[in-house]
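Trainee: I would like to learn how to read the packing of helices in a model, going from the whole chain down to a single residue. Could we work through one together?

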Amino acid sequence: MSDKKRKNPTFVIMRRELRAYFTSPVAYIVSALFLIVCGVWFFMLNAFYLQNRAELRGFFGSLPLILSFFVPALTMRLFSEERRVGSIETLMTLPVTEVNVVLGKYFASLIGTLAMIAPTVFFAVTCEIFGSPDYGPIAGGYLGAIFLAASFTAIGLFASSVTKNQILAFFTGCIICVVLTLLNSMLIFLPAAIVDLLSFLSISQHFSLISRGVIDTRDILYFISLTALFIVFTIKVQQNSKR
């Protein structure tokens with residue numbers, strides 16, 4: 001890493017958060033629980049054993065809902081803990097901006113989330129050993145998982161920024177993620193006039209297309225826009241808090 005990057009406040013904060021992340025037992029506990037849930041779902045409750053099919057479609061189909069609970073668990077402490085103990089005030093007195101702080105914490109948390117998802121590649125290896133999977137949907141599924149992780153991390157970061165209570169931050173992040181995930185399933189109960197709009201807002205709608213190997217710029221722009229929107233919300237919260 002160049003000296004310029006090493007001195008960049010965003011990278012300094014990112015390294016600080018990564019150090020805190022990988023020395024925290026909470027991160028390892030959450031990651032272990034995530035892998036246990038995914039393993040049970042993949043091997044016991046899905047196509048692998050029940051239907052004798054070596055594929056990951058079922059796993060990717062359930063991934064948005066699973067991540068809706070686990071990503072907020074990883075991000076809940078990012079701002080709420082610092083606000084509770086008062087260290088955020090000390091941090092903001094340093095020569096950094098709210099943008100530096102938010103982006104540093106965001107990138108560190110995103111790396112942690114991707115590190116949590118990375119071991120699930122073992123599922124693809126298992127499919128290769130016991131069958132002949134279609135690699136298009138697998139590649140699309142993991143590409144979609146990256147976009148999904150980016151969006152949910154931004155949502156969790158925002159939830160952590162609006163409260164000093166980690167548990168409240170966790171539930172706030174979960175509610176937003178779950179609503180966006182299940183929005184597509186609730187459309188049959190809603191007026192036809194708003195169905196198209198709400199369908200576009202559904203994370204599952206866009207993720208399912210990418211996970212099938214259908215790469216559409218509209219789906220990619222959706223995830224980028226959603227991520228950017230919640231990052232901007234978090235920056236605004238920090239700016240208002242500083243005032």
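Mentor: We will go from the overall make-up to two helix pairs and then to one residue, bearing in mind throughout that this is a predicted model.

Trainee: Let us begin with the whole chain: how many helices and strands are there in the protein chain?

Mentor: The protein chain has 14 helices and zero strands, so that the pattern read along the sequence is a run of α elements, without any other symbol. Of its 243 residues, 48% count as buried, and among contacts with a separation of 6 or more, 74% join residues 24 or more positions apart. The accessible surface comes to about 12,300 Å², with 70% of that belonging to carbon and sulfur atoms.

Trainee: Turning to a pair of helices, at what angle do the axes of α8 and α10 cross?

Mentor: The axes of α8, residues 98-117, and α10 come within 9 Å and cross at roughly 135°. Angles over 145 degrees would count as roughly antiparallel and those from 65 to 115 as roughly perpendicular; α8 and α10 are therefore oblique to each other, and α8 passes α10 in a right-handed crossing.

Trainee: Which residues of α8 and α10 make the contact?

Mentor: On the α8 side the contact includes Val102, Lys105, Tyr106, Ser109, Leu110 and Thr113, while α10 contributes residues including Ala145, Ile146, Ala149, Ala150, Thr153 and Leu157. By class, the residues of this contact divide into 11 nonpolar, three polar and one charged.

Trainee: How does α10 meet α11, and which residues make that contact?

Mentor: The axes of α10, residues 135-161, and α11, residues 166-182, come within 8 Å and cross at roughly 145°, again with a right-handed crossing as α10 passes α11. The contact is made by Phe152, Ile155, Phe158, Ala159 and Ser160 of α10, together with residues of α11 that include Ala169, Gly173, Ile176 and Leu180. In this contact there are eight nonpolar, four polar and no charged residues.

Trainee: Finally, is threonine 153 buried or exposed?

Mentor: A residue counts as buried when its relative accessible area is under 20%, and threonine 153, with a value of 0%, is therefore buried. Threonine 153 is found in helix α10, and, leaving aside residues up to four places away in sequence, it touches Val71, Thr75, Tyr106, Ser109, Leu110 and Thr113. Among these, Tyr106, Ser109, Leu110 and Thr113 also appear on the α8 side of the contact with α10.

Technical notes: Residues are numbered from 1 along each chain as its sequence is written. This is a predicted model: local features need pLDDT of at least 70, side-chain atom pairs count only at pLDDT 80 or more; totals for chains, interfaces and linings use all residues. Side-chain values use heavy atoms; hydrogens and water are left out. Axes are lines fitted to C-alpha atoms, for helices over the stretch in contact, and angles run from 0 to 180 degrees between N-to-C directions. Helices (H or I, at least four residues) and strands (E, at least two) are DSSP runs, numbered from the N terminus. A crossing is left-handed if the near helix is turned anticlockwise from the far one by less than a right angle, and right-handed if clockwise. Contact means heavy atoms within 4.5 Å. Ala, Val, Leu, Ile, Met, Phe, Trp, Tyr, Cys and Pro count as nonpolar, Asp, Glu, Lys and Arg as charged, and the others, Gly among them, as polar. Angles under 35 degrees count as roughly parallel, over 145 as roughly antiparallel, 65 to 115 as roughly perpendicular and the rest as oblique. Buried means under 20% relative accessible area, exposed over 50%, partly exposed in between (1.4 Å probe, protein chains only). Accessible areas come from the Shrake-Rupley method with a 1.4 Å probe; for residues, only the protein chains shown count as cover.
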